[in-house]
Amino acid sequence: MATRLAQGELTALARGYALLGSGGGGSTTMLELVLAGSGRWPIDVADIDELDPATPCMGVAFVGSTLLLEERLPGDDPFGPLIAAVERWLGHPVPAVCSLEGGGMNGLAPLLLASNRTLVDADCTGRGVPGLDQMSLFVDEVPGLVFACETGAGGVALVEAARAIDAERVVRSAIVQAGGVGCAVLAGFTVGDLREHAIGGHLARSLALGDAFQRTASEPVPVLAAALGADLLAEGRIVSITPHADDAHVNAVEIAGGDGTVHRVVTRSETLAVLTDGTLAAAAPTIIVILDAISREVLEVTDLSLARSVIVFGIPAPDWWQATPERRARVLPSAYGLADLDAA
């Protein structure tokens with residue numbers, strides 16, 4: 001059933017996507033400001049099942065270091081040149097758009113196209129992930145996918161790769177060439193493909209999570225956890241942040257609990273696992289959320305610092321990731337090189 005998203009719901013939707021970023025995905029603030037000042041409201045959002053399954057669709061996202069977007073703001077039509085390139089390659093218009101990464105700022109990215117595309121409530125990750133090869137359409141090996149991305153100075157690269165890892169490596173290299181951050185468009189699939197190979201209803205879930213968070217953010221921790229449908233994994237003060245011996249991008253964040261419990265949160269570009277007194281308490285694909293204990297701000301892994309008091313929640317991942325061993329394997333800690341943290 002189609003829903004109509006009101007401008008007053010933007011903040012709640014953004015908070016929901018921030019929670020589902022699992023410590024990654026980039027701050028939603030910039031796109032909140034852009035969308036709040038636009039004339040796109042209200043925005044109609046279509047359910048997968050109400051559209052013709054043959055409708056061509058695309059996903060849009062910002063790729064690379066989202067921190068750089070604070071210095072290099074996107075233009076009025078950041079995805080326009082990429083969409084034009086994709087449509088020329090495919091030989092037909094692509095009238096529908098969905099989200100590629102439903103965690104962090106990229107959850108909001110499709111709303112930038114709401115004035116001239118049909119917004120479909122479907123997502124290709126359901127959480128923050130670092131790799132383009134982790135998009136659900138690639139995980140399920142949907143054929144004919146085409147990626148377009150920026151190369152810098154107005155250039156566009158287009159990749160049609162049979163192997164997901166090839167698309168990830170080529171697009172990532174192009175984004176580095178473009179200065180470390182840029183736009184990307186994935187196409188070559190239909191709304192019918194989304195029914196089987198994507199996570200439907202994700203925007204609605206994000207909005208519900210964000211609304212629950214806004215209503216209970218100032219409440220006691222157990223009340224907030226219950227409202228989010230989350231497990232309380234840790235609560236305490238950060239006393240150390242230690243890089244992994246074999247991967248400088250991986251950190252072990254030690255949290256001292258008030259009762260003497262020692263928690264260790266393992267992060268990369270997202271939060272991957274939580275251990276309590278040496279025992280694994282939660283691991284990806286579970287969505288691990290870290291909040292500032294005082295302000296209740298949703299923290300990214302780059303926000304974690306010594307002496308900060310934090311709360312750590314675990315929110316269940318979309319069922320899509322648990323449906324087959326092949327899907328699950330793409331988001332376990334072992335997919336990030338941390339095999340000893342995979343949950344049984």
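At what angle do the axes of helix α1 and helix α2 cross, and within what distance do they come? In this predicted model, the axis of α1, which spans residues 10–20, comes within 11 Å of the axis of α2, which spans residues 29–36, and the two cross at roughly 160°. Two packed helices are described by exactly these quantities, the angle between their axes and the distance between the axes. Because angles over 145 degrees count as roughly antiparallel, α1 and α2 are therefore roughly antiparallel to each other, and their crossing is right-handed.

The residues that make this contact can be picked out on both helices: α1 contributes L10, T11, A14 and R15, while α2 contributes E32, L35 and A36. Sorted by class, the contact of α1 with α2 has four nonpolar residues, together with one polar and two charged residues.

From the helix pair we can turn to the empty space inside the model. Rolling a probe the size of a water molecule over the atoms shows where empty space is left. A search of the whole structure finds one cavity of 30 Å³ or more, and the largest cavity has a volume of about 60 Å³.

Which residues lie nearest the centre of the largest cavity? They are Y17, S99, V120, A122 and L203, out of the 13 residues that line the cavity. At least two lining residues are supplied by each of β4 (96–99), β5 (118–123) and α7 (202–216), and the largest share, five residues, comes from β5. By class, the lining of the largest cavity has eight nonpolar residues, alongside three polar and two charged ones.

Technical notes
Residues numbered from 1 in each chain as written. Predicted model: local features only at pLDDT ≥ 70, side-chain atom pairs only at ≥ 80, totals over all residues. Heavy atoms only, no water. Axes fitted to C-alpha atoms, helices over the stretch in contact; angles between N-to-C directions. Helix = DSSP H or I, 4+ residues; strand = E, 2+ residues; numbered from the N terminus. Parallel < 35°, antiparallel > 145°, perpendicular 65-115°, else oblique. Left-handed = near helix turned anticlockwise from the far one by under 90°. Contact = heavy atoms within 4.5 Å. Nonpolar A, V, L, I, M, F, W, Y, C, P; charged D, E, K, R; others polar. 1 Å grid on protein atoms, 1.4 Å probe; cavity = no way out; pocket = protein on both sides within 12 Å on 5 of 7 lines; lining within 4 Å. Points joined across faces, edges and corners; volume = space filled by probe spheres on them.
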